[in-house]
Amino acid sequence: MSPVWSLGAGLLLLLLWVRHRGLEAVLVHHRWVFVCLFLLPLSILFDVYYQLRAWAVWRLHSAPRLHAQRVRHIQAQVREWKDEGSKRYMCTGRPGWLTVSLRVGKYKKIHKNIMINLMDVLEVDSERQVVRVEPLVTMGQLTAYLNPMGWTIPVVPELDDLTVGGLIMGTGIESSSHIYGLFQHTCVAYELVLADGSLVRCSPTENSDLFYAVPWSCGTLGFLVAAEIKMIPAKKYVKIHYKPVRGLQNVCEEFTEESKKKENSFVEGLVYSLEEAVIMTGVLTDEAEPSKINRIGNYYKPWFFKHVEKYLKDDRTGTEYIPARHYYHRHTRSIFWELQDIIPFGNHPVFRYLFGWMVPPKISLLKLTQGEAIRKLYEQHHVVQDMLVPMKSLEKSIQTFHDDLNVYPLWLCPFILPNNPGMVHPKGDEAELYVDIGAYGEPKRKQFEARASMRQMEKFVRSVHGFQMLYADCYMTREEFWDMFDGSLYHKLREQMNCKDAFPEVYDKICKAARH
């Protein structure tokens with residue numbers, strides 16, 4: 001039988017099976033079928049398109065030349081909104097399903113959509129050690145652009161598709177954040193189109209109130225059109241050391257101690273149960289022992305969190321050298337560990353060798369095709385949360401995550417939080433060491449109920465002066481939200497810049513009611 005006939009027969013059998021089970025049942029209970037046959041190939045096409053576009057921009061040098069023209073177009077759209085009487089709020093015209101956030105807010109349908117087609121690297125200033133980029137530049141795109149020049153950025157948030165704009169207007173973190181802080185703390189200037197259509201540049205010394213108010217504002221103070229980010233010299237490898245630790249108190253003490261060491265370029269922890277974790281520390285280097293090089297980003301390699309777990313199961317420490325760009329995107333192929341719930345056999349060697357080059361599916365396509373049944377199922381039986389808590393509360397926090405959620409692995413990522421103005425800062429007058437605890441997966445707690453359980457978690461995080469990342473489901477009331485976040489500077493600027501008629505308040509944009 002020819003390959004064409006075999007393929008045709010296979011597709012016919014698949015269609016008959018789908019018809020028998022029902023499309024919704026297949027999408028909910030056998031989602032891997034749809035993902036493997038349709039979303040993985042579509043994701044490849046997405047990547048090819050953006051790579052070709054980036055190549056064309058580089059060849060034609062069109063990005064810097066057309067940037068000012070594109071910004072003027074955004075300003076014209078805002079002025080048109082004003083001429084129409086400012087009857088409804090504005091928001092970016094980027095479809096909600098294209099964002100990495102799990103939300104698909106209804107506000108996109110009722111607000112004035114301002115089209116912002118800004119996705120290019122504009123300038124690399126080696127003398128100032130600053131790169132100027134447009135807001136839709138992704139982390140994968142930026143590291144691929146800078147690394148061949150010998151540069152990188154200090155904080156490279158994990159997933160390839162995260163955009164500069166999302167990381168500034170929301171937030172971003174990486175295992176180097178114990179030195180450099182959150183993504184926003186590596187930025188030196190922003191350029192925004194405001195509610196009156198004007199273009200403004202802000203920095204710590206120029207329009208400083210706006211500079212400190214923009215992070216975490218979720219696009220409710222203006223439209224970001226460019227950002228300047230610090231650069232640091234890139235090196236070829238990350239020398240990474242794996243250390244399994246047992247006992248919750250030992251895990252917290254070891255992790256805290258390593259997070260305080262500035263000689264560690266990177267610090268990360270994966271908690272596999274209440275009493276077991278692997279603590280990883282890394283340093284950037286140009287030299288490597290050839291026998292210990294692990295190109296973990298290659299498509300046929302085991303998923304990183306599974307690779308790390310082997311050190312725990314074997315109860316041994318280890319050291320290896322990972323190419324720097326592979327390290328920066330080490331969790332991308334498995335979307336941390338979310339992909340194991342979508343493609344249960346995705347880490348099997350046969351799948352990796354045959355189809356691993358197509359992984360991961362685009363998160364945006366997963367959102368676009370999830371349907372109401374899957375959305376409700378995920379909302380009630382799945383958690384994706386990042387809670388930022390003081391390092392001194394780590395042990396109590398892990399115990400609370402275990403009691404209220406019981407989701408493993410947990411991701412631990414330390415960061416220094418400076419006492420800058422804005423929505424997020426320490427309680428005291430000095431910088432403080434915090435930790436991001438990431439929970440992604442299906443809660444194993446028997447009494448888990450999404451709203452009640454998450455409200456309990458949010459209450460705990462507020463009690464230790466912590467913060468919830470705003471990409472995730474937020475169940476707080478308005479009063480509770482502004483108890484967690486400092487809104488003094490934010491509300492002052494919204495009043496001064498006449499934002500109240502132009503943009504919704506950040507709470508109204510991210511609360512649960514805005515997502516249905």
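User: Which residues does UniProt list for "transmembrane region"?

Analyst: The UniProt record, an unreviewed entry, lists residues 32–50 under that name. The model examined here is predicted. In it, the span of residues 32–50 is 100% helix and 0% strand, and its end C-alpha atoms are 25 Å apart.

User: Why is α10 called oblique to α17?

Analyst: The axes of α10 (residues 248–259) and α17 (residues 394–404) cross at roughly 130° and come within 9 Å of each other. An angle must be over 145 degrees to count as roughly antiparallel, and between 65 and 115 to count as roughly perpendicular. The crossing of roughly 130° meets neither condition, and therefore α10 is oblique to α17. The handedness of this crossing is right-handed.

User: What makes the contact between α10 and α17, and which residues take part?

Analyst: From α10 come Leu-248, Gln-249, Cys-252, Phe-255 and Thr-256; from α17 come Leu-394, Glu-395, Ile-398 and Gln-399. By class, five of these residues are nonpolar, three are polar and one is charged. Glu-395 supplies the charged member, because Glu belongs to the charged class.

User: How do you know whether α17 is roughly parallel or roughly antiparallel to α18?

Analyst: The two helices, α17 and α18 (residues 450–463), pack at an angle of about 170°, with axes 10 Å apart. Since angles over 145 degrees count as roughly antiparallel, α17 is therefore roughly antiparallel to α18.

User: Which residues of α17 and α18 meet, and how many are charged?

Analyst: On the α17 side, Lys-396, Ser-397, Thr-400, Phe-401 and Asp-404 take part. They meet Ser-453, Gln-456, Met-457 and Phe-460 of α18. The contact has two charged residues, together with three nonpolar and four polar ones. Lys-396 and Asp-404 are the charged pair, because Lys and Asp both fall in that class.

User: Why is the pairing of Glu-134 with Arg-70 called a salt bridge?

Analyst: The closest N and O atoms of Glu-134 and Arg-70 are 4.0 Å apart. The criterion is a side-chain nitrogen of Lys or Arg within 4 Å of a carboxyl oxygen of Asp or Glu, so the pair qualifies, at the limit of the cut-off. A search of the whole structure finds 27 salt bridges.

User: What makes Glu-134 and Arg-70 a link between distant parts of the chain?

Analyst: They are 64 residues apart. Glu-134 belongs to the loop between β4 (130–133) and α6 (139–146), whereas Arg-70 belongs to α4 (residues 62–83).

User: Which omega values accompany the cis peptide bonds at Pro-360 and Pro-409?

Analyst: From Val-359 to Pro-360, omega is near 5°; Pro-360 is in the loop between α14 (349–355) and α15 (363–368). From Tyr-408 to Pro-409, omega is near 0°, and Pro-409 sits in the loop between α17 and β15 (410–417).

User: What is notable about the phi of Gln-129?

Analyst: Gln-129 is not a glycine, yet its phi is positive, at about 60°. Its location is the loop between β3 (121–125) and β4.

Technical notes: Residues are numbered from 1 along each chain as its sequence is written. This is a predicted model: local features need pLDDT of at least 70, side-chain atom pairs count only at pLDDT 80 or more; totals for chains, interfaces and linings use all residues. Side-chain values use heavy atoms; hydrogens and water are left out. Axes are lines fitted to C-alpha atoms, for helices over the stretch in contact, and angles run from 0 to 180 degrees between N-to-C directions. Helices (H or I, at least four residues) and strands (E, at least two) are DSSP runs, numbered from the N terminus. Angles under 35 degrees count as roughly parallel, over 145 as roughly antiparallel, 65 to 115 as roughly perpendicular and the rest as oblique. A crossing is left-handed if the near helix is turned anticlockwise from the far one by less than a right angle, and right-handed if clockwise. Contact means heavy atoms within 4.5 Å. UniProt positions are given in the numbering used here, feature names are shortened, and annotations may be inferred rather than shown by experiment.
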